[in-house]
Amino acid sequence: MSSSNIGWNFDNSYLTLSKMMASKLSPVPVKDPKIILYNQQLARELGLDVSSVSKENLALMFSGNMIPSTTTPWAEAYAGHQFGHFVMLGDGRAIVLGEHITLDKKRFDIQFKGSGITPYSRNGDGRAALGPMLREYIISEAIHHLHIPTTRSLAVVSTGQNVMRETLLPGAILTRVAASHIRVGTFEFVAAQKNINLLQELIMYCIHRHYPELKGEKIPALQLFRKVMNRHIDLIVHYMRIGFIHGVLNTDNVAISGESIDYGPCAFMDSYDPKTKFSSIDHQGRYAYGNQANIAKWNMARFAETLIPMIDVNTDKAVEILETEIETFSKIYHQKSLAMMRGKLGIEGDNEEDNLLIEELLLWMNNNQADYTNTFRALMNKKFNTQYQNKEFEVWYKIFEARKPNVLKMRQFNPVFIPRNHKVEESLEAAHTNNLEPLQTLLKVLEDPYKEDEQHASYLEPDPKKDKTYKTFCGT
Ligand code: AMP
Ligand code: MG
């Protein structure tokens, strides 16, 4: 195997769409690329083999300085509603290297994030800082190992160049692996062109690529809508299950594949509070933990709007059909959410009172600043610290026990390890002083998040400083 052919098998179907959808261009080379992280396990899944490649060449490949001759990279056009406002966007700092087909015929976008200016960069520099790229790597891999559909991270390369943010920061490029990068925002971009043929083309492309079972449906746009909405209901139910706050559920960050994508100002909740948010720019709590289902429904309404012309020639009728669909969101969400919470509590059947049981536990946790993950862990292990020696909790616990919880079921729903904010920060800080050990250990711990592991007890605890002011930043 020559050093530049590590097993790539590109077939760039996105470029068969209208020219408006993408701009072909190469990443802007960087000065001094160095490989920081390379995901061997994911590489194997993709059928890549870099065993004969030097570290220097690996860095050249995953910085985009060296592009395989079998592909023509591109940046994608899209739009989106950001914090409720419509904007024309596009890959301003990302370039798809190509669509890689694995041996088992799965198709993945291989994308460089932080790879330089594109026609969609607006006022941005096209670059990314090392901290946020390592953060996306940690969180996306954690989400994957928690068994939630997500984009993944194959590599992080430092560029040897600084980027200007609030201060000068070391630059980096992340290699992201995704089922595709088509978003609700891609549909909004097409709808804004008012070009029915293009819309029809995109719908059929999505069905072919992500939902082949819908081929031959009478109203493909409606079936596509249903599928995407259901995938996003599932995704939010997962977020609620693990206490995850995405932080920027803008329509440009809502993937048609249903994968969780774009890890910027995201974080895991420690003490239970539906109002929890971490993004420094989300002043209103639009993307707070407890508002994620509402926002997902709002995003699906924006998706539906783009599909109107493909639902019925009569616009009023099309709108009515789509409104009826969107109205099913809440009911489906509540059913799935209830099933998920029953899973977390390990209770079977559908006792009418379960809703109350769940509500009461959540309220108790909220009032007592109990850690979300660790409360369910305590229930699974039947080991309670002093926080739970509390009258109200004891009353609740008696009713819960009477439901004969199934611990094996609970273990499938409740993670033991999540990326605790202070552990993430600690590992990023160390990485900035060239100490990658804490990062490697954290990634290792997060590979098996449902299993107890006494060796890593320090990864179980919330931040000892209980940092309510923890903020993460996006777009850096
Ligand atoms: P995000 O908040 O990461 O979803 O990004 C929103 C939009 O801003 C996308 O169009 C990005 O490509 C663009 N963007 C973010 N950071 C930069 C940057 N440094 N340079 C150019 N475009 C950027
Ligand atoms: Mg984005």
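These are my notebook entries on ligand 1 and on Lys382, both looked up in a predicted model.

**Entry 1: the surroundings of ligand 1.** I began with the residues around ligand 1, of which there are 18, and I noted that Gly90, Gly92, Asp125, Gly126 and Asp262 come nearest. Sorting the shell by class, I found eight charged residues, eight polar ones and two nonpolar ones. I then looked up which part of the chain supplies the shell, and found that domain 1 (3-181) and domain 2 (183-439) each contribute at least three residues.

**Entry 2: polar atoms beside the ligand.** Next I went through the nitrogen atoms of ligand 1, and I saw that one lies 2.9 Å from a polar backbone atom of Gly126. For Arg127 I noted a backbone N or O atom at 3.2 Å from a nitrogen atom of the ligand, whereas for Arg93 it is a polar side-chain atom that lies 3.2 Å from a ligand nitrogen. I also looked up the cover: on its own, ligand 1 has 490 Å² of accessible area, and the protein covers 87% of it.

**Entry 3: Lys382.** I then turned to Lys382, which I located in the loop between helix 10 (372-381) and helix 11 (391-402). Is Lys382 buried, exposed or partly exposed? I entered it as partly exposed, because its relative accessibility is 48%, and the class in between runs from 20% to 50%. Setting aside the neighbours within four places in sequence, I listed Tyr397, Glu401 and Val407 as residues in contact with Lys382. For Val407 I added the separation from Lys382, which is 25 residues in sequence and 9.8 Å in space from C-alpha to C-alpha.

Definitions and conventions: Residues are numbered from 1 along each chain as its sequence is written. Chains are lettered from A and ligands numbered from 1 in the order in which they are written. This is a predicted model: local features need pLDDT of at least 70, side-chain atom pairs count only at pLDDT 80 or more; totals for chains, interfaces and linings use all residues. Side-chain values use heavy atoms; hydrogens and water are left out. A residue is near a molecule or strand if one of its heavy atoms lies within 4 Å of it. A polar contact is a pair of N or O atoms within 3.5 Å; within protein, one must be able to donate a hydrogen and the other to accept it, and residues adjacent in sequence count only if both atoms are side-chain atoms. Accessible areas come from the Shrake-Rupley method with a 1.4 Å probe; for residues, only the protein chains shown count as cover. Ala, Val, Leu, Ile, Met, Phe, Trp, Tyr, Cys and Pro count as nonpolar, Asp, Glu, Lys and Arg as charged, and the others, Gly among them, as polar. Domain bounds come from an automatic or database domain assignment. Helices (H or I, at least four residues) and strands (E, at least two) are DSSP runs, numbered from the N terminus. Buried means under 20% relative accessible area, exposed over 50%, partly exposed in between (1.4 Å probe, protein chains only). Contact means heavy atoms within 4.5 Å.
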